[in-house]
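Biologist: I am new to this structure and would like a close look at one part of it. Please pick a sheet, start from one pair in it, and work outwards.

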Amino acid sequence: MLAQFDDPIAAIATAPGRGAVGIVRVSGHGLAPLAQALCGRGLAPREATYLPFLDAAGQAIDHGLAIFFPGPRSFTGEDVLELQAHGGPVVLQLLLARCLEAAAETDPASGRARLPGLRVAQPGEFSRRAFQNGKIDLAQAEAIADLIDASTEAAARSAGRSLGGAFSREVHALREALIHLRMLVEATLDFPEEDIDFLQQADAAGQLDALQAQLAAVQQRARQGALLREGIRIVIAGQPNAGKSSLLNALAGAELAIVSNIPGTTRDVVSQTIQIQGVPLHVIDTAGLRESGDEVERIGIARAWGQIEEADALLFLHDLTRAGRADYRAADAAIRATLAARLPPQVPVLEVWNKADAAPGADVPEGGLHLSARTGDGLDALRQRLLELAGWQAMPEGVYLARARHVEALARVGEHLGLARAHLHAAPPPLDLLAEELRLAQNALNEITGEFGADELLGVIFSRFCIGK
């Protein structure tokens, strides 16, 4: 939990280490006296002014740009002061320390401390204040962190659209339609003696149908946005020497895993995040699955099964050069049986046949892919199938980034609307139950933008931001 939300706060807002420019940011009410002490002069609102940053003796700590944003026209909605100095860690620490020192000093004009209670900000506290002061909603606040953490260009662009409010606008449109439908139901509950059937006259059933269709479209875009943010875990599994490490290297375009003809070379988990059409895929190479008397290899195989059980999708890799051998087919069948018992039923399994270059013309079972990790033949088809396994669909430029919690909240909205529909079409409709389901659907929507949510949820979300944001 973040404490004392009304305290003035300060922090270094740029990443640790050396850089050309570093920023110290302060937010609170009544920052003008502090700006005067640090800069030796008053600052015009929203104008960058080049000047020295002064220590207690009036000597320059550094020279740089100072910008003063009087509230509420600022990021946090409070007064905000930004000091843009040279990006050395010592310089920035000196500036931050001077901010804290100057805040506690007595202001000659007022005879009081310039900014009592100024403290170092906690992670995400600037963004949380922007949220609490109505500058952004919760989905936009999360998009700030997602934009910083974006691992692909597509994710960064989508996070920018979420930060601009694209996702929030769709959620608000759903909310307004839901509120209108709730009003009709509440009116019918409040005036049961009236002859007018409010619900039938206003086509409540048609409005609910339209709301469910609108929700389905938002859910689809949110799932795509969550995929851009989270990606999926793809585990490569199979017998030793099937070419799992070679396939990982081929997909990653780098020699990440050791490759040799010796069975059991891979004894630990090797992972790499790749991107296909902007979608991050976390590909995991595992030890070959077989019975082994080697203690170290047995540990590697146990870890492989652990990764398999946590996979979002599995690539079951086979060796075409050994596909005709009875012992090889029997071992594959045993692995399939174990997979059926240990793999969750919703996890897709893609059968991939490797070493096509060494076994031209070999038969591949229907539904499987054949490729050569060594030559690269068939990799493009595999990449396309991986996108299909991930659930990715070609989306327009307007896709926005979303999080798993957003997808879950929208799913709850869908469940409540489904129950509401069942109540609406009952004879006679239980209006109190219908009204309750619509209320719960609206609460789930409100959780996305933060119009309704527990303080514990806010604490978890903002604590994962970087300091200075």
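Modeller: Start with L314, in this predicted model. Its bridge partner in β11 is V349. That pair belongs to a longer contact. Strand β10 covers residues 313-319, and strand β11 covers residues 349-354. The two run parallel and are joined by 6 bridges.

Now look at what comes between them. Helix α11, residues 326-342, joins with β10 and β11 in a β-α-β unit. That unit is right-handed.

Go on from β11 to strand β12, residues 369-370. These two strands also run parallel, with 2 bridges between them. Find V352 here: its bridge partner in β12 is L369.

Step back to the whole sheet. It is open and has 6 strands, in the order β8-β9-β7-β10-β11-β12. The pairing is mixed. At the edges stand β8, residues 270-276, and β12, and each of them pairs on one side only. Further along the order, strand β7 (residues 232-238) meets strand β9 (residues 279-285). They run parallel and share 5 bridges. I232 stands opposite L281 in β9.

Helix α11 leads on to a pocket. α10 (295-309) and α11 are the elements that give two or more residues to the lining of the second largest pocket. The space in that pocket is about 340 Å³. It has 15 lining residues, and those nearest its centre are L289, R290, E291, W305 and I335. What is the lining made of: how many residues are nonpolar, polar and charged? The split is 9 nonpolar, 2 polar and 4 charged.

Compare that with an enclosed space elsewhere. The count gives 1 cavity of 30 Å³ or more. The largest cavity has a volume of about 30 Å³. Its lining consists of L181, V185, A204, L208, A420, L424, L434 and L438. Four helices each give two or more residues to this lining: α6, α8 (204-230), α13 and α14 (431-449). The lining divides into 8 nonpolar residues, with no polar and no charged ones.

Helix α6 has another contact to show. The model has 1 aromatic pair. The rings of F167 and Y400 have centres 4.8 Å apart and planes at 25°, so they count as stacked, the cut-off being under 30 degrees. F167 sits in helix α6, residues 166-190, while Y400 is in the loop between α12 (379-390) and α13 (404-424). The pair therefore ties together parts that are 233 residues apart in sequence. Are these two rings' residues buried or exposed? F167 is buried, at 1% relative accessibility. Y400 is buried too, with a relative accessible area of 1%.

Last, turn to another sheet. This one is open, with 6 strands in the order β3-β4-β5-β2-β1-β6 and mixed pairing. Its edges are β3 (49-54) and β6 (119-120). Each has a single partner strand, so one side of each is left without a neighbour in the sheet. Look inside the order for β2, residues 19-28, and β5, residues 79-87. This pair runs antiparallel and is joined by 9 bridges. Within it, G28 stands opposite D79 in β5.

How values were computed: Residues are numbered from 1 along each chain as its sequence is written. This is a predicted model: local features need pLDDT of at least 70, side-chain atom pairs count only at pLDDT 80 or more; totals for chains, interfaces and linings use all residues. Side-chain values use heavy atoms; hydrogens and water are left out. Two strands pair if DSSP finds at least two bridges between them. A crossover is right-handed if, with the strands pointing away from the viewer, the path from the first strand over the helix to the second runs clockwise. On a 1 Å grid over the protein atoms alone, a cavity is a set of points where a 1.4 Å probe fits but cannot get out, and a pocket is an open set with protein on both sides within 12 Å along at least five of seven lines; lining residues have an atom within 4 Å of a point. Grid points are joined across faces, edges and corners, and a volume is the space filled by probe spheres set on the points. Ala, Val, Leu, Ile, Met, Phe, Trp, Tyr, Cys and Pro count as nonpolar, Asp, Glu, Lys and Arg as charged, and the others, Gly among them, as polar. Rings of Phe, Tyr and Trp (its six-membered ring) pair if their centres lie within 6.5 Å; planes under 30 degrees apart count as stacked, over 60 as edge-to-face and the rest as tilted. Buried means under 20% relative accessible area, exposed over 50%, partly exposed in between (1.4 Å probe, protein chains only).
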